[in-house]
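Subject: Structure handover

Hello,

Here is the structure I said I would pass on. My notes on what was found in it follow below.

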Amino acid sequence: QVQLVESGGGLVQAGGSLRLSCAASGSIVSVYVMGWYRQAPGKQREMVARIIGGGTTNYADSVKGRFTISRDNAKNTVLLQMNTLRPEDTAVYYCNADVEESKLTRRNYWGQGTQVTVSS
């Protein structure tokens, strides 16, 4: 089994910054894509940013230029630096990862989520 543990959420005023982190642990051979998703009440979950092992990144248009995703493959950790936060960024943020647990087993995992609240 694999666990994803997030940290760094909180309350911040518009224009402020937060840094989220997520660490994968357990029966891990390797971690492939890691990313951050968010979901606000009444809305569907959306991708915020993701990063592949080689460093290729993808961002939602709404966060480009403000958020930066990075990872430490040796530590199976992904970070999300969030700058110039806006009230519309308020949501529960979830870590997600594709994990190889054996050469024949690859599963997708979700963290429990961390609340990010941006006040106007």
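**The disulfide**

The link of C22 and C95 is left-handed, with -85° about the S-S bond. C22 lies in strand β3 (residues 18–26) and C95 in strand β9 (residues 91–102), so the link ties together parts that are 73 residues apart in sequence. The S to S distance between C22 and C95 is 2.1 Å. A search of the whole structure turned up 1 disulfide. C22 and C95 are both buried. Please keep in mind that this is a predicted model, and that the values here are computed from it.

**The open sheet**

Strand β3, which holds C22, also belongs to an open sheet. That sheet has 4 strands in the order β1-β3-β8-β7, and the pairing is antiparallel. Its edge strands are β1 (2–7) and β7 (67–72), each of which pairs on one side only. From one strand to the next, the twist averages 15°.

Within this sheet, β7 and β8 pair in the antiparallel sense over 6 bridges. To find a place to look, take R71, which stands opposite V78 in β8.

**D89, in the loop after β8**

Where is D89 found? D89 sits in the loop between β8 (77–82) and β9. Is D89 buried or exposed? With a relative accessibility of 1%, D89 counts as buried, because the cut-off for that label is under 20%.

Which side chain makes a polar contact with the side chain of D89? The partner is R38, and the distance is 3.0 Å. Leaving aside residues up to four places away in sequence, D89 touches R38, R66, F67, T84, V116 and V118. R38 therefore appears twice in this account of D89, once in the polar contact and once in the list of touching residues.

**The aromatic residues**

The structure holds 2 aromatic pairs. One of them is formed by Y37 and W110, and it is edge-to-face, at 5.1 Å centre to centre with 70° between the planes. Y37 lies in strand β4 (residues 30–39) and W110 in strand β10 (residues 105–110), so this pair ties together parts that are 73 residues apart in sequence.

How do the two partners compare in accessibility? Y37 has a relative accessible area of 19% and is buried. W110, at 37% relative accessibility, counts as partly exposed.

Another pair is formed by Y94 and W110: the ring centres are 6.4 Å apart and the planes stand at 90°, so this pair is edge-to-face. Y94 is in strand β9 and W110 in strand β10, 16 residues apart, and the pair links distant parts of the chain. Y94 is buried, with a relative accessible area of 15%. W110 takes part in the pair with Y37 and in the pair with Y94. Y37, Y94 and W110 form one aromatic cluster.

**Where to start**

When you open the model, you could begin with β9, since this strand holds C95 of the disulfide and Y94 of the aromatic cluster. From there, the loop between β8 and β9 leads to D89, and β8 leads into the open sheet.

Regards

Key:
Residues are numbered from 1 along each chain as its sequence is written. This is a predicted model: local features need pLDDT of at least 70, side-chain atom pairs count only at pLDDT 80 or more; totals for chains, interfaces and linings use all residues. Side-chain values use heavy atoms; hydrogens and water are left out. A disulfide is a pair of cysteine sulfur atoms within 2.5 Å. Helices (H or I, at least four residues) and strands (E, at least two) are DSSP runs, numbered from the N terminus. Buried means under 20% relative accessible area, exposed over 50%, partly exposed in between (1.4 Å probe, protein chains only). A polar contact is a pair of N or O atoms within 3.5 Å; within protein, one must be able to donate a hydrogen and the other to accept it, and residues adjacent in sequence count only if both atoms are side-chain atoms. Contact means heavy atoms within 4.5 Å. Two strands pair if DSSP finds at least two bridges between them. Axes are lines fitted to C-alpha atoms, for helices over the stretch in contact, and angles run from 0 to 180 degrees between N-to-C directions. Rings of Phe, Tyr and Trp (its six-membered ring) pair if their centres lie within 6.5 Å; planes under 30 degrees apart count as stacked, over 60 as edge-to-face and the rest as tilted.
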